[in-house]
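Please take a moment to look over the chain from one end to the other before reading on. The paragraphs below start with the whole chain and then turn to single residues.

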Amino acid sequence: MSALAAAQRDAASADGWIRLASLRATVQRVVEMVGLDTVIPCYPTLRQALTS
């Protein structure tokens, strides 16, 4: 989780972005529990992640 947060910081500083898509329910719960979903947007499908 900390590696994803660091990657998000690095991407944002380079005017890039990271989005998570199609997470399994258990992974989605962990992402939400640690608050990573407030830092990295999560989408139900890859298409939604790429077009948002």
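What share of the contacts in the chain with a separation of 6 or more comes from residues 24 or more positions apart? In this predicted model, such pairs account for 43% of those contacts, where a contact is counted when heavy atoms lie within 4.5 Å.

To see which elements the chain is built from, it helps to follow the sequence from its start, and along it the pattern reads α-β-α-β-α. The secondary structure thus comes to three helices and two strands.

The overall dimensions can be considered next. Because a compact globule of 52 residues would have a radius of gyration near 10 Å, the 11 Å found for the chain agrees with that expectation. Taken along the principal axes, the box filled by the C-alpha atoms is roughly 30 × 25 × 15 Å.

Turning from dimensions to surface, the accessible surface of the chain comes to about 3800 Å², and carbon and sulfur atoms hold 57% of that area. Of the 52 residues in the chain, 15% are buried. As for charge, the chain carries 5 positive and 4 negative side chains, and the centres of these two sets are 10 Å apart.

Helix H1, which spans residues 2-13, offers a useful pair of residues for looking at burial, since both Gln 8 and Ala 3 lie in this helix. Is Gln 8 buried or exposed? Gln 8 has a relative accessible area of 13%, and because buried means under 20%, Gln 8 counts as buried. When residues up to four places away in sequence are not counted, Gln 8 touches Trp 17, Ile 18, Val 39 and Ile 40.

Ala 3, by contrast, has a relative accessible area of 57%, and because exposed means over 50%, Ala 3 counts as exposed. Ala 3 and Tyr 43 are separated by 40 residues in sequence, and their C-alpha atoms are 19 Å apart in space.

The last step leads to the nonpolar residues. Which residues form the largest nonpolar core? This core has five residues, namely Ala 5, Leu 20, Val 31, Leu 36 and Ile 40. If neighbours within four places in sequence are left aside, Ala 5 is in contact with two members of that list, Leu 36 and Ile 40. Ile 40 therefore appears twice in this account, since Ile 40 is also one of the residues that the buried Gln 8 touches.

Methods: Residues numbered from 1 in each chain as written. Predicted model: local features only at pLDDT ≥ 70, side-chain atom pairs only at ≥ 80, totals over all residues. Heavy atoms only, no water. Helix = DSSP H or I, 4+ residues; strand = E, 2+ residues; numbered from the N terminus. Rg over C-alpha atoms; globule rule 2.2 N^0.38 Å. Buried < 20%, exposed > 50% of the residue type's maximum accessible area, 1.4 Å probe, protein only. Areas by Shrake-Rupley, 256 points an atom, 1.4 Å probe, with all protein chains shown as cover. Lys, Arg positive; Asp, Glu negative; His and termini not counted. Charge placed at Lys NZ, Arg CZ, Asp CG, Glu CD. Core = buried A, V, L, I, M, F, W, Y, C linked by side-chain atoms within 4.5 Å.
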